[in-house]
Amino acid sequence: MQKGHWIAIAFVLLVAMALNGLLQLLRMPPWLLALAVAAALVVVLPWWLGRSDTEWLSPLRRALWREREGVHHAFAGVWLRIEDDGRHQWVDGAGLMRATGRSEPEDVLAARHSGRWRRDDRGALMLRVDAVVEQLDRSRGRDDPRILRLKHYLERQVLYPAAERRRREADTG
């Protein structure tokens, strides 16, 4: 175990002992101590598991983060799965719906982006990001601040960097 782990364990024990002493001074019931220790574990245990470099946690960490691995785009706390096929960037339809705060069936979403959607290997609806930006610009709620921020996010964080990468590749190739 690393030094940081021992410090975290010592901290939890110290807090538990302090709470126990306080509860005894105030003549509180013992179940309150159990509740306090459980609360400390709820805070410290996830932190410790996330920072731990021990080998035995690797399979657990891989299982927990499998869906998010390689995903580096998030808007307003919503993970967006973005794929680049060399010609276009694609965003998953479900993530887009969560990001916009709207809810509509996939077939309606696909019809709205006619000819500019596809299904990925898992069968998830993927939409071309340029078509999404264009549609957000024409949509009924286009003046909604959330929609404006999403549109700007997709332009600045997805489309522009991809265009720059392609331009640099064309210049060097």
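Me: Let's start with the yardstick: under 20% relative accessible area a residue is buried, over 50% it is exposed, and in between it is partly exposed. On that scale, is Asp130 buried, partly exposed or exposed?

Reply: This is a predicted model, and the relative accessible area computed for Asp130 is 28%. The buried class stops under 20% and the exposed class starts over 50%. With 28%, Asp130 is therefore partly exposed.

Me: Which side chain does Asp130 meet in a salt bridge?

Reply: The N to O distance of this pair is 2.8 Å, inside the 4 Å limit for a salt bridge. The partner has a relative accessibility of 17% and counts as buried, whereas Asp130 is partly exposed. That partner is Arg128.

Me: Stepping back, how many helices and strands are there in the protein?

Reply: Read from the N terminus, the elements go α-α-α-β-β-β-β-α-α-β-β-α-α. So the chain opens with helices and ends with helices, with strands in two runs along the way. The tally is seven helices and six strands.

Me: In what order do the four strands of the open sheet lie?

Reply: The pairing in this sheet is antiparallel, and the twist from one strand to the next averages 30°. β3 (82–84) and β5 (117–119) each have a single partner strand, so they stand at the edges, with one side left without a neighbour in the sheet. That leaves β4 and β6 between them, and the order is β3-β4-β6-β5.

Me: Which residue in β6 is the bridge partner of Trp117?

Reply: β5 and β6 (residues 125–128) run antiparallel and are joined by three bridges. Along that pairing, Arg118 stands opposite Met126. For Trp117, the partner is Leu127.

Me: And which residue stands opposite Met126 when you look from β6 to β4?

Reply: β4 and β6 also pair in the antiparallel sense, over three bridges. On the β5 side Met126 faces Arg118. On the β4 side the residue opposite Met126 is Asp92.

Me: Which residue in the turn of the β5 and β6 hairpin has a positive phi?

Reply: Five residues lie between the two strands of this hairpin. One in the turn has a phi of about 90°. That residue is Gly123.

Me: Which residues of β6 are buried on each side?

Reply: β6 is covered on both faces. Helix α6 (residues 129–138) lies across β4 (89–92) and β6, running at about 75° to β6. The buried residues are Leu125 and Leu127 on one side, and on the other Met126 and Arg128.

Me: Which element gives the most to the largest nonpolar core?

Reply: This core has 20 residues, and the ones touching the most other members are Leu80, Leu127, Val132, Leu150 and Leu154. Elements giving two or more residues are β2 (78–80), α4 (93–100), α5 (106–112), β6, α6 and α7 (145–172). The top contributor, with five residues, is α7.

Me: Which residues does Leu154 touch, leaving aside those up to four places away in sequence?

Reply: Leu154 is one of the core residues that touch the most other members. Touching here takes heavy atoms within 4.5 Å. The list is Val129, Val132, Val133, Leu136 and Leu159.

Me: How far apart in sequence are the parts that Glu83 and Arg118 tie together?

Reply: Their side chains meet in a salt bridge at 2.8 Å, N to O. Both ends are partly exposed, with Glu83 at 25% relative accessibility and Arg118 at 24%. Because Glu83 lies in strand β3 and Arg118 in strand β5, the tied parts are separated in sequence by 35 residues.

Me: What separates Glu134 and Arg138 in helix α6?

Reply: These two form a salt bridge, with the closest N and O atoms 3.8 Å apart. Glu134 is partly exposed at 37%, while Arg138 is exposed at 51%. They sit four residues apart in the helix, so what separates them is about one helical turn.

Me: Which residues do salt bridges that share partners join into one network?

Reply: The structure holds 14 salt bridges. One of them pairs Glu83 with Arg118, and both of these residues belong to the network. The full set is Arg81, Glu83, Arg118 and Asp120.

Note on methods
Residues are numbered from 1 along each chain as its sequence is written. This is a predicted model: local features need pLDDT of at least 70, side-chain atom pairs count only at pLDDT 80 or more; totals for chains, interfaces and linings use all residues. Side-chain values use heavy atoms; hydrogens and water are left out. Two strands pair if DSSP finds at least two bridges between them. Axes are lines fitted to C-alpha atoms, for helices over the stretch in contact, and angles run from 0 to 180 degrees between N-to-C directions. A nonpolar core is a set of buried Ala, Val, Leu, Ile, Met, Phe, Trp, Tyr and Cys residues joined through side-chain atoms within 4.5 Å. Buried means under 20% relative accessible area, exposed over 50%, partly exposed in between (1.4 Å probe, protein chains only).
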